[in-house]
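Here's a quick tour for anyone opening this structure for the first time. Have the sequence and the 3D view side by side as you read.

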Amino acid sequence: MKTQNEMKLTFQSLSVNEGFARSAVASFISMLDPTVSEIADIKTAVSEAVTNCIVHAYRDSVGVIYIHTKILEDRRVLIKIRDRGCGIEDVEKAMEPLFTTQSENERSGLGFSVMQSFCDKVKVKSKLNKGTSVLLEKRLSQKEKIK
Ligand SMILES: Nc1ncnc2c1ncn2[C@@H]1O[C@H](COP(=O)(O)OP(=O)(O)OP(=O)(O)O)[C@@H](O)[C@H]1O
Ligand SMILES: [Mg+2]
């Protein structure tokens, strides 16, 4: 499927940048004229993935977060959120609802479940001490043609 448009963002893993990242992605995909709920879903999923980079990947440090967003011609939106942080030992386990390595910080272990419920697909790749990439995919509804 051909790419219709794409953009890349690189920013520091500071919590102040979480709001920036989700608004930037939402603003980029506005060319597709998404519904309010589609925008809300994408913002929530991006926010969870970026927060994970900030609080887990670069837990006691500041690193770089990369976002690559593609819009495909069939109205599919692909958002890859990548870090070069600590990595995840067992991705399958990390994606289970309620699994968290930071219960002491009142994390509830629901971030990946939220991403899965608001997107059509979530693919996670990770290597210990190398980093993690989370690919979010969502197909936006077709616009009704005005007669
Ligand atoms: N980018 C990442 N780098 C390293 N570890 C990660 C990353 N993203 C997630 N994890 C690991 O996966 C676990 C589950 O993530 P998830 O987002 O589902 O829950 P959480 O972040 O612990 O809690 P919540 O999102 O509800 O605040 C985390 O506790 C963490 O151990
Ligand atoms: Mg989380």
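Let's start with lysine 121, which you'll find in strand E4. Bear in mind throughout that this is a predicted model. From that lysine we'll go to the surface patches, then to a buried valine, a helix with its cover, and an arginine in a loop.

**Charge on the surface**
- Lys121 teams up with Lys80, Lys123 and Lys125 to make a positive patch on the surface.
- Strand E4 spans residues 121-127 and is the biggest giver to this positive patch, putting in three residues.
- How open is lysine 121 itself, buried or exposed? It sits in the middle: lysine 121 has a relative accessible area of 43%, so it counts as partly exposed, the band between 20% and 50%.

**A nonpolar spot on the surface**
- Leu14, Val16 and Val62 form a nonpolar surface patch, and together they have about 260 Å² of accessible area.
- To find valine 62, look in the loop that runs between H2 and strand E2 (64-72).

**A valine tucked inside**
- Valine 25 belongs to helix H1, which covers residues 16-29.
- Its relative accessible area is 0%, so valine 25 is buried; the cut-off for that is under 20%.
- Which residues does valine 25 touch, once neighbours within four places in sequence are left aside? They are Met7, Ile42, Val46, Ile67, Thr69 and Ile79.
- For a sense of distance, valine 25 and asparagine 5 are 20 residues apart along the chain, and their C-alpha atoms are separated by 12 Å.

**Helix H4 and its cover**
- Helix H4 takes in residues 111-118, and its buried residues include Gly111, Phe112, Ser113 and Met115.
- What lies over those buried residues of H4? The cover includes helix H2 (36-57), helix H3 (91-94), E4 and strand E5 (131-139).
- So E4 turns up twice: it helps cover H4, and it also gives residues to the positive patch.

**An arginine in a loop**
- Arginine 59 sits in the loop between H2 and E2, and valine 62 from the nonpolar patch is found in that loop too.
- With a relative accessible area of 42%, arginine 59 is partly exposed.
- Not counting residues up to four places away in sequence, arginine 59 touches Ile54, Thr101, Gln102, Glu104 and Asn105.
- Arginine 59 and leucine 9 are 50 residues apart in sequence, and 21 Å lies between them in space, C-alpha to C-alpha.

How values were computed: Residues numbered from 1 in each chain as written. Chains lettered and ligands numbered in written order. Predicted model: local features only at pLDDT ≥ 70, side-chain atom pairs only at ≥ 80, totals over all residues. Heavy atoms only, no water. Patch = residues over 30% accessible without salt bridge, like charges linked within 9 Å, V, L, I, M, F, W, Y side chains within 5 Å. Areas by Shrake-Rupley, 256 points an atom, 1.4 Å probe, with all protein chains shown as cover. Salt bridge = Lys/Arg side-chain N within 4 Å of Asp/Glu carboxyl O. Lys, Arg positive; Asp, Glu negative; His and termini not counted. Charge placed at Lys NZ, Arg CZ, Asp CG, Glu CD. Helix = DSSP H or I, 4+ residues; strand = E, 2+ residues; numbered from the N terminus. Buried < 20%, exposed > 50% of the residue type's maximum accessible area, 1.4 Å probe, protein only. Contact = heavy atoms within 4.5 Å.
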